[in-house]
Amino acid sequence: MDRKGFIDFNTRLSAENSGKADSYARAIQILDNVLKHQDVVNLHGQSLYSVTDISIIENVLNLVKEEVKKMKENKQNIFDYGNPNQRSYPLNNFCSAALKSLMDYAVYEQEVITADRIVAQEHDPQAISEKLITHFDITKEGEDKISQTKRRKGQDYFRRMILVNYGSRCALTGINIPQLLIASHIIPWEDKTHKKERLNPCNGICLSALYDKAFDKGLITISPDDYTVLLSSALREYETQEYYAKHFGSISGKQITMPTEYKPNCDFLAYHRDRIFVGK
């Protein structure tokens with residue numbers, strides 16, 4: 001657990017995904033500063049990010065609630081210490097919300113460790129998918145907050161798996177900028193007839209954003225015979241455009257860079273070609 005991981009967690013996985021990640025990180029920084037001036041919770045000089053015991057974070061949360069009450073009653077409180085400009089964060093409940101999010105982050109980090117063990121111990125990609133689906137409890141199709149959070153966790157772990165498998169590089173261009181890389185599903189997540197394959201590492205290809213979108217919309221596909229790129233007739237309509245040769249003509253017939261372990265499943269690629277690819 002660390003600050004960057006916490007920000008990434010809130011950016012990718014928070015139920016609202018409303019841009020609160022930096023504010024939560026700032027709230028944790030404020031708490032790290034003020035907790036030095038109390039004797040209820042002893043972090044032994046460590047940052048809250050180093051705490052893996054959720055009960056300790058809960059103790060800090062309860063402490064913060066009590067101290068905010070004191071603050072509102074103009075009584076001395078732990079937020080009187082340190083930076084005097086930090087009152088707005090606890091008063092507006094950012095500190096409490098950040099601590100709740102930190103507990104969720106700690107739980108997810110443990111879930112990832114367990115998921116890593118599943119992948120390391122199981123060699124059948126379909127079995128990996130089924131066990132990960134059970135592990136992250138992705139069993140409901142609802143849009144309630146809990147179901148959405150579980151789905152985001154599963155999708156985020158799928159991305160981790162695929163990026164590792166492709167050396168964190170786009171299989172078409174070699175781009176290795178993490179923010180531009182996407183774990184593209186060959187058979188889409190939304191396809192309910194293949195729910196068991198949602199977290200199958202052979203159902204993913206690491207692509208940069210442009211090619212992920214083109215693949216998702218069926219403008220390009222990958223041949224199950226030789227792993228080469230096929231361009232759709234809908235895309236070839238733009239071959240007179242200046243950008244076409246650079247971005248699409250250059251990948252036509254190109255074989256993807258193969259991953260280290262889990263190759264794209266040929267049956268999945270055939271499904272994409274036959275069901276999603278738009279035109280020959």
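These legends go with a set of close-up views of one predicted model.

**View 1. The largest pocket and its helical lining.**
The largest pocket here comes out at about 690 Å³. Its lining takes in 26 residues, and those nearest the centre are Arg 12, Asp 156, Arg 159, Arg 160 and Leu 163. Three helices, α1 (3-13), α5 (94-121) and α7, each put at least two residues into that lining. The biggest share belongs to α7, which chips in eight residues. As α7 covers residues 145-165, this is the stretch to click through if you want to see what faces the pocket.

**View 2. Asp 156 and Arg 12, a bridge between α7 and α1.**
Zoom in on the salt bridge joining the side chains of Asp 156 and Arg 12, with N and O 2.4 Å apart. These two are a long way from each other along the chain: Asp 156 sits in helix α7 and Arg 12 in helix α1, with their positions 144 residues apart. The partners differ in cover, too. Asp 156 has a relative accessible area of 6%, so it is buried, while Arg 12 reaches 31% and is partly exposed. Both of them are among the residues nearest the centre of the largest pocket.

**View 3. Glu 109 and Arg 160, and the network they belong to.**
Here Glu 109 and Arg 160 make a salt bridge, and their closest N and O atoms are 3.9 Å apart. The cut-off for calling a salt bridge is 4 Å, so this pair is counted. Glu 109 comes from helix α5 and Arg 160 from helix α7, so the contact ties together parts 51 residues apart in sequence. Glu 109 is partly exposed at 22% relative accessible area, and Arg 160 is also partly exposed, at 32%. Through shared partners, salt bridges link Arg 12, Glu 109, Asp 156 and Arg 160 into one network. Arg 12, Asp 156 and Arg 160 also turn up in the group nearest the centre of the largest pocket.

**View 4. A salt bridge within helix α3.**
Lys 70 and Glu 67 bring their side chains together in a salt bridge, 3.1 Å from N to O. Both residues belong to helix α3, and because they are three residues apart, about one helical turn separates them. Which of the two is buried, Lys 70 or Glu 67? Glu 67 is the buried one, with a relative accessible area of 7%, whereas Lys 70 is partly exposed at 32%. In the structure as a whole there are eleven salt bridges.

**View 5. Two asparagines with positive phi.**
Two loop residues are worth a look on your Ramachandran plot. Asn 74 has phi near 60 degrees, a positive value in a residue that isn't glycine. Asn 74 sits in the loop between α3 (54-72) and α4 (88-91), and its 71% relative accessibility makes it exposed. Asn 93 also has a positive phi, about 65 degrees, although it is no glycine either. You'll find Asn 93 in the loop between α4 and α5, where it is partly exposed with a relative accessible area of 45%.

**View 6. The β1 and β2 pair.**
Strands β1 and β2 (residues 204-208) run antiparallel and pair over five bridges. β1 is mostly covered, as four of its five residues are buried. His 185 belongs to β1 and stands opposite Gly 204 of β2. With 18% relative accessibility, His 185 counts as buried, since the limit for buried is under 20%. For a distance check, try His 185 and Ile 205: they are 20 residues apart in sequence, yet their C-alpha atoms are 6.7 Å apart in space. As a general note, side chains in a regular strand alternate between the two faces of the sheet.

**View 7. A nonpolar surface patch ahead of β1.**
Ile 175, Ile 177 and Leu 180 make up a nonpolar surface patch of about 220 Å². Leu 180 lies in the loop between α7 and β1 (181-185). At 38% relative accessible area, Leu 180 is partly exposed. Residues need over 30% to be counted in a patch, so Leu 180 clears that bar.

Definitions and conventions
Residues numbered from 1 in each chain as written. Predicted model: local features only at pLDDT ≥ 70, side-chain atom pairs only at ≥ 80, totals over all residues. Heavy atoms only, no water. Patch = residues over 30% accessible without salt bridge, like charges linked within 9 Å, V, L, I, M, F, W, Y side chains within 5 Å. Areas by Shrake-Rupley, 256 points an atom, 1.4 Å probe, with all protein chains shown as cover. Buried < 20%, exposed > 50% of the residue type's maximum accessible area, 1.4 Å probe, protein only. Pairing = 2+ DSSP bridges. 1 Å grid on protein atoms, 1.4 Å probe; cavity = no way out; pocket = protein on both sides within 12 Å on 5 of 7 lines; lining within 4 Å. Points joined across faces, edges and corners; volume = space filled by probe spheres on them.
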